[in-house]
Amino acid sequence: MLPESIHKINNCQDLVQCAYSLNVFEVEVYERLLQTGPVNANELADLMGKDRSTVYRALQKMLTCGMVFRETRSIPRGGYYHVYRAIGRSELKEKLQSCVNNWYDKMKFALDQFSMDDSK
């Protein structure tokens with residue numbers, strides 16, 4: 001029996017959620033960031049009507065899986081801030097294809113081992 005999350009994949013959003021262990025809100029943050037272009041966490045939170053810390057956690061999670069990049073910008077009078085940018089859909093599709101291929105290779109290897117173990 002396949003994991004429950006695999007049975008629930010019906011569209012691209014489901015695949016993104018499954019491959020990167022994201023929730024619906026985190027995928028919504030990606031979509032909004034893709035629409036708006038580079039933006040800081042405060043502005044994105046305002047656009048989404050959500051708390052900054054909630055949006056920031058979603059951005060951090062997407063940073064770790066490579067769906068979002070962070071750029072540091074300087075403030076003329078001193079200091080800095082971060083601007084976040086989503087990767088494009090075609091790049092995300094390539095990453096997802098790689099995830100699917102890796103998963104398939106692991107499952108194929110496990111099945112091959114299963115057949116070898118059976119012959120003992």
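Start by selecting R52 and Y56 and showing their side chains: the charged end of R52 sits over the ring of Y56, 5.3 Å from the ring's centre. Keep in mind as you click around that this is a predicted model. While you have rings on display, how many aromatic pairs does the structure hold? The count is zero.

Next, go to the loop between helix 2 (12-20) and helix 3, and pick out S21. Most residues other than glycine have a negative phi. S21 goes the other way, with a positive phi near 55° although this residue is not a glycine.

Now select helix 3 (residues 24-36) together with helix 4 (residues 41-48). Their axes come within 11 Å and cross at roughly 105°. Angles of 65 to 115 degrees count as roughly perpendicular, so that is how helix 3 and helix 4 lie to each other. Which residues of helix 3 meet helix 4? Turn on side chains for F25, E28, V29, R32, L33 and T36 in helix 3; across from them, in helix 4, you'll find L44, L47 and M48. Sort the residues of this contact by type and you get six nonpolar, one polar and two charged.

Last stop: strand 1 (residues 68-74) and strand 2 (residues 80-86). These two run antiparallel, and seven bridges join them. Try following a couple of those bridges across. From R70, hop over to its bridge partner in strand 2, Y84. Then do the same from T72, whose partner in strand 2 is H82. Finally, look at the turn of this hairpin, where five residues lie between the strands. Click on G78 there: its phi is positive, near 115°.

Methods: Residues numbered from 1 in each chain as written. Predicted model: local features only at pLDDT ≥ 70, side-chain atom pairs only at ≥ 80, totals over all residues. Heavy atoms only, no water. Phe/Tyr/Trp six-rings, centres within 6.5 Å; stacked < 30°, edge-to-face > 60°. Lys NZ or Arg CZ within 6 Å of the ring centre and 35° of its normal. Pairing = 2+ DSSP bridges. Helix = DSSP H or I, 4+ residues; strand = E, 2+ residues; numbered from the N terminus. Axes fitted to C-alpha atoms, helices over the stretch in contact; angles between N-to-C directions. Parallel < 35°, antiparallel > 145°, perpendicular 65-115°, else oblique. Contact = heavy atoms within 4.5 Å. Nonpolar A, V, L, I, M, F, W, Y, C, P; charged D, E, K, R; others polar.
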